[in-house]
Every structure is written in C-alpha cells, then in structure tokens.
Amino acid sequence: MTVLVAGGTGFLGTAVVRELVDSGWPVTATWVEERERERLADQSVELVRADLFDAAAVDAAVGGVEELEAVVNLVGGYAEGPRVHETDPEEFDRLMQLNVKPCFLLARAAMPRLMERGSGAFVGVSARPALRPFPGAAAYISSKAAVLALIQALDAEYKHDGIRCNAILPSVIDTPANRESQPNADFSKWVKPEEIAKVVRFLVSDDSAPLSGAAVPVYGRA
C-alpha cells in the first residue's frame with residue numbers, strides 16, 4: 001500500500017516523506033530537477049521524474065505506482081503583489097496553473113486506481129488565506145481557494161467509493177525561504193514542516209477513516 005507524494009523533494013515534501021517512511025509506508029515521490037533528488041538521498045523511497053502539469057506524464061507517474069493507497073499533492077507556490085486592478089492577468093493564470101492543475105491531474109489519474117481497490121486517500125494543500133484573505137495576494141488566495149473547492153468536490157464525487165479527500169490549510173510554514181522573506185517575524189509561532197507531516201500521515205492512515213471533505217487547519221500559533 002503505497003503513498004504517492006507529489007512535490008516530495010521540497011522542504012515540506014521531505015518532511016512528509018520522512019514521516020511516512022518512518023511510519024512504515026512505502027513511498028513514491030515525484031521530482032523534476034536533478035538537484036532535487038539529493039534531498040531524499042537518505043530515504044528509502046522510490047523516485048519518479050514527472051512533469052505534473054502534463055496530463056500524460058501524471059498518468060504515467062500514477063500508473064507506475066504499485067498498490068497505490070494514497071496521493072499527497074504538495075505542489076504549489078506563493079506570490080504577493082499589487083491589488084487586483086494592478087495585477088497582470090498572466091500572473092493570475094500562473095498561480096492558478098501552479099496551485100490547481102497538478103491537484104486536478106493527480107486526482108484524475110488516481111481516482112480510477114483507488115476506486116478499483118475500494119479505498120484510499122487524497123490529500124491536497126490549500127492555505128489559511130483561502131478562508132481568511134489579506135490584501136495584495138488575490139491571485140494566490142484565489143488559487144488556494146480553488147484547491148479547497150476541488151478537494152471538497154472530490155469528496156462529494158468519491159466518498160461513496162471509499163475514498164477520503166481532505167485539504168490541509170497551513171498558515172506560514174517555517175522554511176528557510178519564509179524566514180529570509182520575513183526576517184523580523186516570530187518564527188516560533190510558525191508551523192513546522194514536521195508538524196504538518198504528522199497531520200498528513202494521519203490523513204492517509206486508516207485512523208482518519210471518518211474524515212473526508214475537511215479543511216484541516218495547521219496554523220501553529222501564527
């Protein structure tokens with residue numbers, strides 16, 4: 001029973017992979033650039049190269065996973081900018097593509113596999129601003145709200161097939177990039193990747209059997 005972790009080579013991804021492996025799960029993780037593979041060099045994990053914005057590549061990646069039990073999609077990105085009337089339409093399109101399309105393509109490829117086995121889990125990453133917006137990031141917030149809506153649509157469509165679909169909603173994740181961009185912040189209030197990883201592990205496990213369609217807050221104290 002394998003977990004496919006899309007975006008498993010990022011700072012959150014490596015924490016999620018480590019938590020799953022340490023908990024005894026077989027894990028397959030996707031990667032794109034060669035340097036990313038080094039981040040998982042110490043983990044017993046199957047690596048598959050895949051462009052998660054290409055439907056055929058996603059179909060091949062998902063189809064190559066033996067005994068697929070769960071999919072965790074961590075692919076996405078963040079950007080701030082001006083208010084809506086000053087935002088370039090191409091930036092809006094970029095963030096919608098970045099945050100929503102891999103989630104859709106992974107679900108499209110994975111659901112037949114999970115339906116066939118009659119169980120499974122799909123976990124996506126939305127964000128707290130999807131519920132509590134702030135000014136200057138309308139494109140990002142819209143894309144993360146779309147992720148949440150997609151996860152809840154998946155729940156509506158597949159829960160009777162035994163597939164649990166849930167979204168986690170981080171606040172600010174304690175990563176080097178976020179520390180660099182907000183050097184005066186109180187990092188102790190941010191949620192750590194390792195803490196989020198434990199929530200993801202719960203959501204793919206049978207312990208979360210009653211839970212589907214949820215927007216799970218992983219805010220830390222931020």
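A polar contact is a pair of N or O atoms within 3.5 Å; within protein, one must be able to donate a hydrogen and the other to accept it, and residues adjacent in sequence count only if both atoms are side-chain atoms.

This is a predicted model, where local features need pLDDT of at least 70, side-chain atom pairs count only at pLDDT 80 or more, and totals for chains, interfaces and linings use all residues. Residues are numbered from 1 along each chain as its sequence is written, and side-chain values use heavy atoms, with hydrogens and water left out.

**Exercise 1. Place Ser-208 and list what its side chain reaches.**

Step 1. Locate it. Ser-208 sits in the loop between helix 6 (193-204) and strand 7 (215-218). Helices (H or I, at least four residues) and strands (E, at least two) are DSSP runs, numbered from the N terminus.

Step 2. Check burial. Ser-208 has 0% relative accessibility, so it counts as buried. The classes are buried under 20% relative accessible area, exposed over 50%, partly exposed in between (1.4 Å probe, protein chains only).

Step 3. Find the polar partners. The Ser-208 side chain reaches the backbone oxygen of Ser-205 at 2.9 Å. It also makes a polar contact with the side chain of Arg-164, at 3.2 Å.

Step 4. Add the contacts (heavy atoms within 4.5 Å). Not counting residues up to four places away in sequence, Ser-208 touches Arg-164, Phe-202 and Leu-203.

**Exercise 2. Classify the ring pair Tyr-78 and Tyr-140, and say which parts it ties together.**

Step 1. Apply the rule. Rings of Phe, Tyr and Trp (its six-membered ring) pair if their centres lie within 6.5 Å; planes under 30 degrees apart count as stacked, over 60 as edge-to-face and the rest as tilted. A search of the whole structure gives 2 aromatic pairs.

Step 2. Read the geometry. The centres of Tyr-78 and Tyr-140 are 4.6 Å apart and the planes stand at 80°, so this pair is edge-to-face.

Step 3. Map it. Tyr-78 is in the loop between strand 4 (68-73) and helix 3, and Tyr-140 is in helix 4, so the pair ties together parts 62 residues apart in sequence.

Step 4. Compare exposure. Tyr-78 is partly exposed at 44% relative accessible area, whereas Tyr-140 is buried at 9%.

**Exercise 3. Describe the largest pocket and its lining.**

Step 1. Define it. On a 1 Å grid over the protein atoms alone, a pocket is an open set of points where a 1.4 Å probe fits, with protein on both sides within 12 Å along at least five of seven lines; lining residues have an atom within 4 Å of a point.

Step 2. Give the volume. The largest pocket holds about 1300 Å³ of space. A volume is the space filled by probe spheres set on the points, with grid points joined across faces, edges and corners.

Step 3. Find the centre. The lining has 43 residues, and Gly-76, Gly-77, Tyr-78, Ile-173 and Asn-178 are the closest to the pocket centre.

Step 4. Name the elements. Two or more lining residues come from each of helix 1 (11-22), strand 2 (27-31), helix 3 (89-117), helix 4 (138-158) and helix 5 (176-181).

**Exercise 4. Which backbone angle marks out Glu-67?**

Step 1. Recall the background. Most residues other than glycine have a negative phi.

Step 2. Read the angle. Glu-67 is not a glycine, yet its phi is positive, about 50°.

Step 3. Place it. Glu-67 lies in the loop between helix 2 and strand 4. At 53% relative accessibility, Glu-67 counts as exposed.
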